[in-house]
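The exercises below ask you to read a protein model step by step, with the structure open beside the text. Try each task before you turn to its worked solution.

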Amino acid sequence: MKLMKKLLALLLLAGLAAAGAAWWWTEQPLPLRGTRVELSIEPGTSPREVAEQWVQAGVDVPAELLYQWFRWSGQSRKIRAGSYEIEAGVSPKALLDKMVRGEQVLELLRIIDGWNLRQVREAVAKAPGLRNTLASMSDAQAAAALGLSENTPEGWLFPDSYAYSKGVSDITVLKRARAAMQQRLAQAWEQRAPDSPLKSPAELLVLASVVEKETGQAGDRGLVAGVFNNRLRIGMPLQSDPTVIYGLGASFDGNLRKADLLADTPWNTYTRRGLPPTPIAMPGARALLTAAKPDKTDALYFVARGDGSSVFSGSLADHNRAVNQFQRGGSR
């Protein structure tokens, strides 16, 4: 009995020592592979994945050790999605506390439906407390930093409001916008019409950006998408003014002239058939869905009434009459 008691006492002491060592470790500074480490945690990320992502981002400890701490604390399921930043000196306990509390919302970066990349860059540059690294990057470098295979992030940032804390880099926040767009694009692609002329999600994104810029009134969006789907299906040029304007870039002075419609650029859908080579804006959820699954229509033309709405026509003769009535000078 005495031997049994001694063994139990030793086991108890060993357990207490192990628990003490574990608790001591949770209060010690985490080794980092840089002066700061940033991570954006998406909704639905498991505690194990969170631990693995912190290690991939620059926390220099075994991912399993970090995960076991989250699990042992009893708070692993309380970790909140958001953009996080830690600096040298942060402990495992402080890291977990930060994620359980969630990011303190200091500011919001808003990306508006229909904005192009230039406008996003301007918003990022003006965002208070957001560490701006985008300004020094070319479009291709920005795309690479965001994990995109394209040469530009144009179109690939979902319009929404993104909360961030002071000192977080713009790329960390924009990665959330990129992930949101990829998710929304995949959902829209799954719902595409059986007779869709689009061959890939990337083509859907391009068309959705055109639909976004062409829609003056929300109720017309499905028909606008229907016209462009019809034109793609029969090989008719899209003849979209916003694509021409996008191709003109900074040289556009706000007045679209006939000469501009004839000036060939990769984005001029009057001089070139098919879709432009890249999106021309950041489309919202409704533009993505209607581009994939447009309203059924025989229309091939539309012209603005002047009040935000459009008149849709199935023949050139009807379209010309609508142009004469509402907007002499031409439209699609």
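**Exercise 1.** Is Gln68 buried, partly exposed or exposed?

*Solution.* Bear in mind from the start that this is a predicted model. Begin by locating the residue: Gln68 belongs to helix α3, which covers residues 63-73. Next take its relative accessible area, which is 30%, and set this value against the two cut-offs, under 20% for buried and over 50% for exposed. Because 30% falls in between, Gln68 is partly exposed. As a last step, look for Arg48, which is 20 residues from Gln68 in sequence, while the C-alpha atoms of the two residues are 8.5 Å apart in space.

**Exercise 2.** Describe the backbone and the surroundings of Gln239.

*Solution.* First place the residue: Gln239 sits in the loop that lies between α9 (221-234) and α10 (241-248). Then examine the backbone, where Gln239 shows a positive phi of about 50° although it is not a glycine. Finally consider its cover: the relative accessibility of Gln239 is 24%, so this residue counts as partly exposed.

**Exercise 3.** How do strands β1 and β2 pair, and how many residues of β2 are buried?

*Solution.* Start with the direction of the strands: β1 (residues 36-41) and β2 run antiparallel, and six bridges join them. To find one such pairing in the model, select Val37, whose bridge partner in β2 is Ile86. Then turn to the cover of β2, which spans residues 82-87; five of its six residues are buried, and the strand is therefore described as mostly covered, with buried taken as under 20% relative accessible area.

**Exercise 4.** Work out why the protein is described as more spread out than a compact globule.

*Solution.* Begin with the inventory of elements, which comprises 13 helices and six strands. The radius of gyration is 27 Å, whereas the globule rule gives 20 Å for 332 residues; the value is well over that of the rule, so the protein is more spread out than a compact globule. Now add the dimensions, for the C-alpha atoms fill a box of roughly 105 × 40 × 30 Å along the principal axes. Turning to burial, 44% of the 332 residues are buried. Consider lastly the contacts between residues at least 6 apart in sequence, of which 65% join residues at least 24 apart.

**Exercise 5.** What does the protein expose, and how are its charged side chains distributed?

*Solution.* Take the surface first: about 17,000 Å² is exposed, and carbon and sulfur atoms supply 53% of this area. Then count the charges, which amount to 40 positive and 33 negative side chains, and compare the centres of the two sets, which lie 5 Å apart.

Definitions and conventions: Residues numbered from 1 in each chain as written. Predicted model: local features only at pLDDT ≥ 70, side-chain atom pairs only at ≥ 80, totals over all residues. Heavy atoms only, no water. Buried < 20%, exposed > 50% of the residue type's maximum accessible area, 1.4 Å probe, protein only. Helix = DSSP H or I, 4+ residues; strand = E, 2+ residues; numbered from the N terminus. Pairing = 2+ DSSP bridges. Rg over C-alpha atoms; globule rule 2.2 N^0.38 Å. Contact = heavy atoms within 4.5 Å. Areas by Shrake-Rupley, 256 points an atom, 1.4 Å probe, with all protein chains shown as cover. Lys, Arg positive; Asp, Glu negative; His and termini not counted. Charge placed at Lys NZ, Arg CZ, Asp CG, Glu CD.
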